[in-house]
Amino acid sequence: MVRQTINIVSILVVILGFVQCGAITEQLPTYDETTIVVQGDVAPDFTATLLGGDQVTLSELRGEVVLLILFSHTCPDCKALFDDLHDDMATINNLGVRVLAIARDGSEEQVHDYLEANGYIIDAAADPDRAIYNLYATMYVPRCYLINTLGVVECATVEYHQGDLETLLSKMREICD
């Protein structure tokens, strides 16, 4: 019994040693490693079916400023973004910015129920196979892309951090004025 305990302790010490020296890590990829589209890029084109059944093609929105939000209906940071965005929708609408939200997971019904339950009134589409999401990134939500009238990304944010919405609103004012 003592010998078995010593063996277990020895194995744990070896494992802890590997973890301490960094031989065993499970580090997530960085934002840069998972980002495909950055500021200055032309936003990749896509066509999505909105929850109401209408289709929207990003390139057909040229001439408008678009805030593209890639999100998950199960993500707490996404909900925080939408809550703050909801508070500023009058400003965004007055600037003439079109908000388009694409859910990288979930069915149309799940996305619809999520938006309705939270009182979010925005154009949205489900992207359960991530075809649209994968044009822009490989990991992390929410991702916001502010796209100018020429289809060029003016500003991009990853996840949702203090000050992100203010940065986006400031850039919207700059573009729209």
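# Notebook: a walk through the sheet and its helices

I started at the end of a helix: α5 is followed by Gly119, and the phi of Gly119 is positive, near 75°. Note to self: this is a predicted model.

**Overall count.** I stepped back to take stock of the elements. I get 7 helices and 7 strands for the protein. Reading from the N terminus, I noted the run α-α-β-β-β-α-α-β-α-β-α-β-β-α. The chain has 177 residues, and 40% of them count as buried. I also looked up the exposed surface, which comes to about 9,800 Å², with carbon and sulfur atoms supplying 52% of it. Then I checked contacts between residues at least 6 apart in sequence: 68% of these join residues at least 24 apart.

**The sheet.** In what order do the strands of the open sheet lie? I wrote down β5-β4-β3-β6-β7, which makes 5 strands with mixed pairing. β5 (123-126) and β7 (153-158) are at the edges, and each has a single partner strand, so one side of each goes without a neighbour in the sheet. I looked up the twist too: neighbouring strands are turned by 15° against each other on average, direction ignored.

**Pairings.** As a reminder to myself, strands of a sheet pair through backbone hydrogen bonds, either parallel or antiparallel. I found both kinds here. β3 (residues 66-71) and β4 (residues 98-103) run parallel and are joined by 6 bridges. As one spot to look at, I picked Val66, which stands opposite Arg98 in β4.

**Helices on the sheet.** Next I asked which strands α3 touches. Helix α3 (residues 76-87) packs on the sheet and touches β3, β4 and β6 (143-147). I have its direction at about 150° with that of β3. Helix α5 (residues 108-118) packs on the sheet as well, touching β3, β4 and β5, and its direction makes about 145° with that of β5.

**The hairpin.** β6 and β7 gave me the antiparallel case, with 5 bridges between them. Here I picked out Arg143, whose bridge partner in β7 is Val158. The hairpin of β6 and β7 has 5 residues between the strands, and Gly151 in it takes a positive phi near 90°.

**Back to α5.** Which residues of α5 are buried? I listed Val111, Tyr114 and Leu115. Looking down the axis of α5, I see these buried residues fall within an arc of 90°, so they line one face of the helix. That made me recall the general rule: an α-helix has 3.6 residues a turn, so residues three or four places apart point the same way. Then I checked what lies over the buried residues of α5, and the cover includes β3, α3, β4 and β5. Turned away from that buried side, I found a face with the exposed residues Glu109, Glu116 and Ala117.

**A loop residue.** Last, I went to Val141, in the loop between α6 (133-136) and β6. Is Val141 buried or exposed? It is buried, because its relative accessible area is 7%, and the cut-off for buried is under 20%. Leaving out residues up to four places away in sequence, I found that Val141 touches Leu70, Phe71, Ser72, Cys75, Cys78, Arg104, Tyr133 and Glu159. I looked up one of these pairs: Val141 and Cys75 are 66 residues apart in sequence and 7.5 Å apart in space, C-alpha to C-alpha.

Conventions. Residues are numbered from 1 along each chain as its sequence is written. This is a predicted model: local features need pLDDT of at least 70, side-chain atom pairs count only at pLDDT 80 or more; totals for chains, interfaces and linings use all residues. Side-chain values use heavy atoms; hydrogens and water are left out. Two strands pair if DSSP finds at least two bridges between them. Helices (H or I, at least four residues) and strands (E, at least two) are DSSP runs, numbered from the N terminus. Axes are lines fitted to C-alpha atoms, for helices over the stretch in contact, and angles run from 0 to 180 degrees between N-to-C directions. Contact means heavy atoms within 4.5 Å. Buried means under 20% relative accessible area, exposed over 50%, partly exposed in between (1.4 Å probe, protein chains only). The arc is that of the directions from the helix axis to the C-beta atoms. Accessible areas come from the Shrake-Rupley method with a 1.4 Å probe; for residues, only the protein chains shown count as cover.
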